[in-house]
There are 4 protein chains.
Amino acid sequence: MGRKKRIEKKDLFESTRKLLIEKGYEGFHFKALAEQLSVGRSTIYEYYANKDELIFHYIKHVSDKIYGECKKVLEHTDSLVQLQELLTIFLKHGETIHDMIQVYKHMKASSNHHDEKMDVLEKENERFFEILVNVIKCGQREFVIRNDLQAHSIASVFFSSILIPNTLNMDIDQWSETLFTLFFDGIKAK
Amino acid sequence: MGRKKRIEKKDLFESTRKLLIEKGYEGFHFKALAEQLSVGRSTIYEYYANKDELIFHYIKHVSDKIYGECKKVLEHTDSLVQLQELLTIFLKHGETIHDMIQVYKHMKASSNHHDEKMDVLEKENERFFEILVNVIKCGQREFVIRNDLQAHSIASVFFSSILIPNTLNMDIDQWSETLFTLFFDGIKAK
Amino acid sequence: MGRKKRIEKKDLFESTRKLLIEKGYEGFHFKALAEQLSVGRSTIYEYYANKDELIFHYIKHVSDKIYGECKKVLEHTDSLVQLQELLTIFLKHGETIHDMIQVYKHMKASSNHHDEKMDVLEKENERFFEILVNVIKCGQREFVIRNDLQAHSIASVFFSSILIPNTLNMDIDQWSETLFTLFFDGIKAK
Amino acid sequence: MGRKKRIEKKDLFESTRKLLIEKGYEGFHFKALAEQLSVGRSTIYEYYANKDELIFHYIKHVSDKIYGECKKVLEHTDSLVQLQELLTIFLKHGETIHDMIQVYKHMKASSNHHDEKMDVLEKENERFFEILVNVIKCGQREFVIRNDLQAHSIASVFFSSILIPNTLNMDIDQWSETLFTLFFDGIKAK
DNA sequence: AATGAATGAGCTTTCATTCAT
DNA sequence: CATGAATGAAAGCTCATTCAT
């Protein structure tokens with residue numbers, strides 16, 4: 001298929017994303033990636049020294065992007081709105097965040113020589129969690145969120161909602177709304 | 001340090017479970033498994049024709065066991081109690097169910113020749129979901145669960161709660177209670 | 001060519017020796033080795049985890065063998081006879097010892113994470129040198145070897161004679177004799 | 001940290017020398033070389049068609065240089081002085097000559113299509129040897145060197161002394177003197 | 001049955017080398 | 001000329017799987 005022009009970092013990350021979602025961390029190969037990009041396998045090594053390096057930088061990249069979106073949300077003053085919007089963001093990036101967690105878990109499981117990259121990813125994850133916890137604590141201080149549940153637990157639930165399969169295939173906003181309603185008001189009949 | 005003469009299916013599944021949780025589907029090897037069991041690697045082939053076969057039967061096994069527990073719950077008459085207990089069961093088997101999902105996803109991703117085993121696992125998953133949905137619908141009919149949310153959505157949330165990391169390390173019953181309270185009453189301050 | 005029986009460690013080392021002499025450390029591949037042995041490449045990995053491991057154990061093996069021969073020489077009482085015989089041994093194993101040195105150098109050049117195997121090989125090398133130095137010092141004490149040259153320097157010369165290409169293709173004993181005469185009496189005309 | 005515009009052949013050879021000594025023939029890469037020179041890897045191809053070509057010309061270059069030094073020695077009239085000075089030259093260029101031999105061996109081992117470059121290098125080596133042999137024969141004719149040893153054998157010993165590790169780290173002239181004394185007078189006590 | 005031994009398929013990685021700018 | 005980018009070939013290694021005992 002002849003020689004290929006440049007590899008755009010954008011394409012590289014896009015394909016990485018796709019493969020990671022489709023196949024997961026372990027199923028992710030430079031072979032498949034190269035095929036996706038119609039590039040020679042070794043070409044990718046010109047950009048990243050190995051699979052872990054590439055994935056790490058990819059994760060870092062998306063993580064930063066998502067973090068940026070989260071930060072913007074904090075400009076709102078209403079903590080409930082903030083919470084709802086954070087939920088929407090998490091749902092929107094569900095698959096990507098899922099990848100992040102998967103990668104993190106994998107590194108943790110296989111790292112013999114306690115990797116520093118692991119520490120970085122850990123920090124990334126915590127950043128998101130911090131934001132959530134803070135918003136919830138804020139809501140609690142304002143008495144719009146009940147105080148008899150630990151902010152931490154609530155944050156866990158919100159953060160994990162990412163993983164809830166939207167089996168009814170609602171669009172993101174609708175699904176976000178449904179979940180928020182459920183979490184906020186509960187399922188109890190009134 | 002001699003080799004065992006017989007492999008007990010119980011040991012086999014126990015080691016499978018352990019490795020699967022620790023390493024995930026792709027990190028699961030007959031090599032490691034054989035070591036765990038102090039058996040020759042090839043011995044395992046006397047029991048299962050290949051890796052997938054073993055994992056499939058293991059999953060089927062635990063799935064049946066969990067399903068049994070769920071069934072027992074239905075003997076209660078109060079649908080809220082049923083719901084809470086289902087939640088507890090799911091949380092208790094969190095890691096195992098997580099494996100099931102992972103395996104299912106993996107088969108889905110790598111199967112070119114639409115596997116029949118996949119169908120079986122899919123059915124397994126659906127069984128759990130059915131039970132949940134039925135209990136919820138029941139609760140809705142009895143007006144203890146609100147009707148303006150689809151039973152399906154609620155079921156998704158409950159089922160996915162498995163994946164919520166219990167970061168505060170509460171014991172299972174406490175964690176189950178916390179989650180149930182949250183899902184039932186919501187986080188809204190009263 | 002069908003399936004092959006067992007790999008005999010003897011054959012493995014024999015082929016290792018051959019390839020190492022022929023191609024040197026870097027030119028030594030499991031691919032070539034496997035071909036030599038008419039075995040699948042991966043088969044060798046059942047015995048040694050990697051190239052370095054194999055070569056290390058091979059070197060250790062021959063080194064021990066040669067060391068044994070040297071030890072036997074020390075049973076003689078005449079230090080000159082000892083010296084001559086050590087020379088013969090070194091010449092006989094010239095290629096092998098050359099490999100040892102090459103391997104040692106290579107490990108030294110490429111080891112980032114100061115390898116312990118390197119230390120072992122270093123010790124091996126020193127053992128030989130010690131023997132030589134001792135025999136020479138002994139000769140000096142007995143006034144059969146001149147004292148105005150450092151035993152160390154003399155030992156270096158003897159030890160390095162291994163590397164002197166026997167371009168005239170004398171048989172080993174003759175070549176050994178020639179060298180010994182040269183080293184002992186010098187080239188000066190009388 | 002920009003790239004240089006021109007590669008000076010002097011720098012090229014200097015870096016080649018350095019890398020060759022440090023890493024040996026197989027460890028010698030254009031990658032590393034380019035880095036050393038702060039040049040693009042492909043730039044080197046503008047000067048030499050490939051790795052072998054470069055190394056060949058480098059070897060030829062230094063060989064010629066050393067040969068020149070040897071030639072100058074022949075202006076002396078005393079064959080013993082000549083011999084001693086040749087020894088000094090060889091010791092001074094020990095590492096370089098060692099490279100030459102290594103490269104020669106490597107080409108010999110890997111060449112399927114009996115390379116003509118090999119022949120050239122072989123000739124180079126022989127040139128040195130010829131000089132040595134001639135000087136020795138001369139000494140023999142003048143009865144300053146004993147006649148009962150073949151000039152060839154003696155030459156081998158002198159030429160190989162290059163490889164004798166100067167473990168005591170004497171300076172070159174001292175080491176040369178020590179070796180010459182040893183070779184000339186022998187180690188026998190008087 | 002149980003196993004040790006052998007193997008092939010498939011992925012990783014490194015470099016010499018080519019090519020278009 | 002100089003170079004950045006792409007690539008293929010060749011080694012490396014790991015594991016599922018098969019086979020003879």
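Which residue of chain A comes closest to the rotation axis? The answer is easiest to follow once the axis itself has been introduced, and it should be kept in mind throughout that this is a predicted model.

Chain A can be laid over chain B by a rotation of 179 degrees, accompanied by 0.2 Å of shift along the axis, and the superposition leaves an RMSD of 0.4 Å. The two copies are therefore related as by a two-fold rotation axis. Among the residues of chain A, the one that comes closest to this axis is G186(A), whose C-alpha lies at 2.0 Å from it. Both copies use the same surface, since 97% of the contact residues of chain A recur in chain B.

A second contact can be followed between chain D and chain C, to which each of these chains gives 33 residues. On the side of chain D that touches chain C, at least two residues come from each of helix 1 (9-27), helix 5 (94-110), helix 7 (151-160) and helix 8 (172-185) of chain D. Helix 7 of chain D gives the most to this side, contributing six residues. Sorted by class, the side of chain D that touches chain C consists of 16 nonpolar, ten polar and seven charged residues.

It remains to ask where chains do not meet. Chain B and chain C are joined by no contact, and their closest C-alpha atoms lie 12 Å apart. Chain A and chain D likewise do not touch, with 12 Å between their nearest C-alpha atoms.

How values were computed:
Residues are numbered from 1 along each chain as its sequence is written. Chains are lettered from A and ligands numbered from 1 in the order in which they are written. This is a predicted model: local features need pLDDT of at least 70, side-chain atom pairs count only at pLDDT 80 or more; totals for chains, interfaces and linings use all residues. Copies are superposed by least squares on the C-alpha atoms of residues with pLDDT of at least 70 in both. Two residues are in contact if their C-beta atoms, placed from the backbone, lie within 7 Å. Helices (H or I, at least four residues) and strands (E, at least two) are DSSP runs, numbered from the N terminus. Ala, Val, Leu, Ile, Met, Phe, Trp, Tyr, Cys and Pro count as nonpolar, Asp, Glu, Lys and Arg as charged, and the others, Gly among them, as polar.
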